[in-house]
Each structure stands twice: as structure tokens, then as C-alpha cells.
Amino acid sequence: SAGTFPGKMQHFCQNAQALFPKRRSIPATAPRRRPGRPAARTTPTPPTPMKIRIINHSSHPLPQYATPQSAGMDLRAELKEPLVIQPMERRLIPTGLRIALPEGYEAQIRPRSGLALKHGIAVLNSPGTIDADYRGEIGIILANLSQTPYTLQPGERIAQMVVARYERAEWEETDRLDSTERGEGGFGHTGKE
């Protein structure tokens with residue numbers, strides 16, 4: 001009966017469960033730390049680099065990133081002797097490299113900012129595109145836009161190569177386009193300010 005000790009104890013336990021719900025259990029794998037001590041910082045895992053097949057017939061190391069977060073790899077001139085590029089002259093510079101990109105990717109060839117600013121040396125068709133199905137040697141079209149000759153040294157870093165994903169498009173022919181605030185405005189229509 002409710003007046004006996006076991007009955008009273010059962011009544012007490014039922015009330016205690018209602019007043020004090022079970023504490024959420026901590027998983028055994030959760031790290032424990034002392035009160036007042038900050039949680040340890042976790043270092044993000046760097047992304048796994050994409051593997052690209054390459055043939056190196058040059059006398060230089062493979063293209064490399066200059067810093068851990070560089071977007072482009074430096075390409076070097078595969079020359080047997082120094083080459084002079086005259087003002088307003090363009091030359092095709094070999095690299096000795098051939099690559100096989102995965103489908104859906106391209107390699108963009110871009111100028112090096114130091115060569116452009118200090119010497120006026122530019123990649124003429126910037127950015128040049130290396131398609132995923134191209135298997136020939138990578139050549140860099142350099143142009144000297146300055147007023148003085150520039151001597152290119154063997155092994156000199158001449159351009160950057162950025163590997164990027166692209167999307168293929170499919171045309172949907174129509175006789176009407178949606179209207180926008182800009183409309184047909186182009187060629188600096190927004191002004192300088």
C-alpha cells in the first residue's frame with residue numbers, strides 16, 4: 001500500500017524523475033577539459049592536391065607554387081642561351097612541358113606582375129588557355145611593350161599557370177532576352193565615379 005515504506009519510496013522516485021530529468025550523457029569520445037581552460041584550436045585540413053600527368057623535357061624542376069596559398073605555378077623559359085626581345089617584338093618561348101589535364105579543367109597562362117611592371121613584358125594572349133585535350137608543348141607568347149630591349153635568361157620565370165574548372169555551355173536560341181536595369185549599356189556607360 002501507499003502507506004508502507006516501499007510504496008512511499010516508489011512514490012518519491014516517480015516525483016524525483018519528473019522534477020529532475022536525466023542529464024544528457026556525454027559521449028565517451030568527447031574530449032574533456034578543465035574548467036577555465038580554453039578549448040584547443042584545430043588546424044583545418046588542407047585540400048588534397050589534384051594529380052596532373054606531366055612530361056618534363058626541360059632542364060628545370062617541375063612548375064611550383066611560390067607560396068602555400070599561391071593560385072598560379074611559375075613557368076620557366078627553356079632556352080639554351082639568353083634571348084633578346086626587342087621593343088614591340090613578340091616571341092614564342094618554349095617551356096619543355098607537356099601536360100594532360102582532367103576533363104572539365106583548363107590551364108590559364110597569365111603574366112608575372114614583376115616582369116610586366118618593371119620591364120613591360122606581357123603574355124600577349126593573356127590569359128592563354130591550355131585545353132584538357134591538348135598534348136603539345138606549352139609555349140608562352142611574350143611581348144616586350146617597353147621601349148628598351150629585354151634579355152630573357154634560360155630558366156627565368158616568365159609566366160604563371162592557373163588550373164581552373166570550367167563549365168561547357170549549350171545555346172538555347174530565342175528572339176527575346178529578359179530585361180535588366182543595365183540593358184544595352186556598355187563601354188564605360190557607368191562613368192568614372
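User: In this predicted model, what makes the 25 residues of the largest nonpolar core a core, and which of them touch the most other members?

Analyst: A nonpolar core is a set of buried nonpolar residues joined through side-chain atoms within 4.5 Å. The largest such set holds 25 residues, and Ile140, Leu142, Leu152 and Met161 touch the most other members. Two or more residues come from each of the strands E3 (73-76), E4 (83-85), E6 (97-100), E7 (105-110), E8 (121-123), E10 (139-144), E11 (150-152) and E12. Strand E12 gives the most, with three residues.

User: What does Met161 touch, not counting residues up to four places away in sequence?

Analyst: Contact requires heavy atoms within 4.5 Å. By that criterion Met161 touches Ala71, Gly72, Met73, Leu75, Ile99, Ala107, Gln108, Ile109, Ile130 and Ile138.

User: Why is Asn144 called buried?

Analyst: Buried means under 20% relative accessible area. Asn144 has 0% relative accessibility, so Asn144 counts as buried. This residue is placed in strand E10. Among the residues that Asn144 touches are Ile85, Pro87, His119, Ile121 and Tyr150. In the protein chain of 193 residues, buried residues make up 26%.

User: How do you know that E7 and E12 pair?

Analyst: Two strands pair if at least two bridges are found between them. Six bridges join E7 to E12, and these strands run antiparallel. The pairing criterion is therefore met. Within this pair, Ala107 stands opposite Val163 in E12.

User: Why do E2 and E9 stand at the edges of the sheet?

Analyst: The open sheet has five strands in the order E2-E3-E12-E7-E9, with antiparallel pairing. Strand E2 (64-65) and strand E9 (128-130) each have a single partner strand, so one side of each is left without a neighbour in the sheet.

User: What makes a residue part of the lining of the largest pocket, and how many residues line that pocket?

Analyst: A lining residue has an atom within 4 Å of a pocket point. The largest pocket is lined by 21 residues, of which Pro49, Met50, Ile52, Tyr65 and Met73 lie nearest its centre. Strand E12 (residues 157-165) gives the most to this lining, with three residues. The pocket has a volume of about 600 Å³.

User: How does the lining of the largest pocket divide into nonpolar, polar and charged residues?

Analyst: The lining comprises 17 nonpolar residues, three polar residues and one charged residue.

User: Which secondary structure does the protein chain contain?

Analyst: The protein chain has two helices and 12 strands. Along the sequence these elements follow the pattern α-β-β-β-β-β-β-β-α-β-β-β-β-β.

How values were computed:
Residues numbered from 1 in each chain as written. Predicted model: local features only at pLDDT ≥ 70, side-chain atom pairs only at ≥ 80, totals over all residues. Heavy atoms only, no water. 1 Å grid on protein atoms, 1.4 Å probe; cavity = no way out; pocket = protein on both sides within 12 Å on 5 of 7 lines; lining within 4 Å. Points joined across faces, edges and corners; volume = space filled by probe spheres on them. Helix = DSSP H or I, 4+ residues; strand = E, 2+ residues; numbered from the N terminus. Nonpolar A, V, L, I, M, F, W, Y, C, P; charged D, E, K, R; others polar. Buried < 20%, exposed > 50% of the residue type's maximum accessible area, 1.4 Å probe, protein only.
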